[in-house]
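Reader: Hi! I have a new structure open and would love to talk it through with you. Could you start with the overall picture?

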Amino acid sequence: MRLDSVLSACFVLTWSSGFVGAALGTAHTGAWTLLAWRFWIVAALLGGWWLLRRRHALPRRAVAVHTVVGVLSQGVYLAGVVWSAELGVPAGLAALVAALQPLATAVLSGPLLGERTTGPQWAGLGAGLAGVALVVGDDVTGPAAAPALAYALPFLAMAGLVAGTFVERRAGASARLPLTDSLVIQGVASAAVFTVVAGATGGLTVPAEGGFWFAVAWVVVLSTFGGYGSYWLVVRRRSVNHAATLLYLTPPTTMLAGFALFGDTITLTGLTGLAVCAAAVTWVLRAASNAAPRPRPARAMSESGAMMAECSSTTSSPPRHDSRPPDPARPRPPSSPTS
């Protein structure tokens, strides 16, 4: 449980770092250039490591599945977030739309994955959305400067991450891969997507500013290896609902990072939203833990299994008692040690 708590905290911190890295990188160049170089380096590092340490044949179906997962969860998600920002959609509004993901995940996880959401969890998810609205309220109420269609891009981004997550979870055993293998495929797929987009928009120029390369290192190490790596670990170890609920903590964390790194102002409303988000996430995760079925003691399960085996056998007869004395020439089985 302690490992899961550390992993959850790591996910929130590193996922939030993506918004900071985007601000650092786009101060020096266009968003598509930043994304292209980000995933070129990711593909080179992960691909090179895989060729040296883990080179082996991968099932074709697994490669196809994780290519789709990479395009959806990285390509579509990041393209929607970045493009909407370039077109003038307020960051707060994009964050508020992204905060719909836990609700969308809860709706879909029942019929698709069999993960039931209880009434207390629904209440906590609603409170979390209200907390995010308080955190980003000033951005949401700002002047609209983007074209109308640009406001659909945050919804597209959110849908891409949700769809990619469910594709990964719904894949059969033949498509399941270790995390390192799946990240290699997803990184290469994302690099291909953003190479095409950056080439079509003239964004393949190599910037000379050192600040750009610092931003690239930031988003490669923290946002990709840390953010996406810990996201998939949380999904695999816990559930898609657990990971989605933690996303409520990323807008408050980004707010604190903006204050620490860029001197952004934190209002009383923002602090209230932070407290509401923290309380809502705690409530939802605790409700999920209480609703999870508790494992039965091993002894009781073994005794129950033995009784069921005896009761369900219709062909076996009662044990026969052999009154003959043991044959000294017959080898006896070794006695098992007592526990």
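**Surface, helices and core**

Author: Happy to! The protein chain exposes about 18,400 Å², and carbon and sulfur atoms supply 67% of that area. Keep in mind that this is a predicted model.

Reader: Thanks. What does the secondary structure of the protein chain come to?

Author: The chain has 14 helices and zero strands.

Reader: And how much of the chain is buried?

Author: Of its 339 residues, 40% are buried.

Reader: Nice. What about contacts between residues at least 6 apart in sequence?

Author: Among those contacts, 89% join residues at least 24 apart.

Reader: Let's go inside, then. Which residues touch the most other members of the largest nonpolar core?

Author: That core holds 58 residues, and the ones touching the most other members are Phe11, Trp15, Tyr77, Leu78, Phe194, Tyr231 and Trp232. Helix α2, residues 31-53, gives the most to this core, with 11 residues.

Reader: Phe11 catches my eye. What is Phe11 in contact with, leaving aside its neighbours within four places in sequence?

Author: Phe11 is in contact with Gly227, Ser230, Tyr231 and Val234, and also with Ala243, Leu246 and Leu247. Tyr231 is itself on the list of core residues that touch the most other members.

Reader: Switching topic to helix α6. How does its span compare with what 1.5 Å a residue should give?

Author: They agree: the 17 residues of α6, 119-135, should span 24 Å, and the end C-alpha atoms are 25 Å apart.

Reader: Which residues of α6 are buried?

Author: Those are Gln121, Gly124, Leu125, Gly128, Gly131, Val132 and Val135. They cover an arc of only 120° around the axis, so they lie on the same side of α6.

Reader: Good to know. Where does Gly273 lie?

Author: Gly273 is part of helix α13, residues 268-291.

Reader: Is Gly273 buried or exposed?

Author: Buried, because its relative accessible area is 0%, and the cut-off for buried is under 20%.

Reader: What does Gly273 contact beyond its neighbours within four places in sequence?

Author: Gly273 is in contact with Gly131, Leu134 and Val135. Gly131 and Val135 are among the buried residues of α6. Gly128 is another buried residue of α6, and its C-alpha is 8.7 Å from that of Gly273, although the two residues are 145 apart in sequence.

Reader: What else is buried in α13, and what covers those residues?

Author: Besides Gly273, the buried residues of α13 are Gly270, Cys277, Ala280, Val281, Val284 and Ala287. Their cover includes α6, α11 (240-246) and α12.

Reader: And how far apart are the end C-alpha atoms of α13?

Author: They are 34 Å apart, which agrees with the 34 Å that its 24 residues should span at 1.5 Å a residue.

Reader: Tell me about Thr254 in α12, then. Which backbone oxygen does its side chain reach?

Author: Thr254, in helix α12 (residues 250-262), reaches the backbone oxygen of Thr250 with its side chain, at 2.8 Å. Not counting residues up to four places away in sequence, Thr254 touches Ser16 and Phe19.

Reader: One last threonine: is Thr105 buried or exposed?

Author: Thr105, in helix α5 (residues 101-113), is buried, with a relative accessible area of 2%. Leaving aside neighbours within four places in sequence, Thr105 is in contact with Val162, Phe166, Val240, Asn241 and Ala244.

Note on methods
Residues numbered from 1 in each chain as written. Predicted model: local features only at pLDDT ≥ 70, side-chain atom pairs only at ≥ 80, totals over all residues. Heavy atoms only, no water. Helix = DSSP H or I, 4+ residues; strand = E, 2+ residues; numbered from the N terminus. Expected span 1.5 Å × (residues − 1). Buried < 20%, exposed > 50% of the residue type's maximum accessible area, 1.4 Å probe, protein only. Arc of directions from axis to C-beta. Polar contact = N/O pair within 3.5 Å; in protein donor to acceptor, adjacent residues only side chain to side chain. Contact = heavy atoms within 4.5 Å. Areas by Shrake-Rupley, 256 points an atom, 1.4 Å probe, with all protein chains shown as cover. Core = buried A, V, L, I, M, F, W, Y, C linked by side-chain atoms within 4.5 Å.
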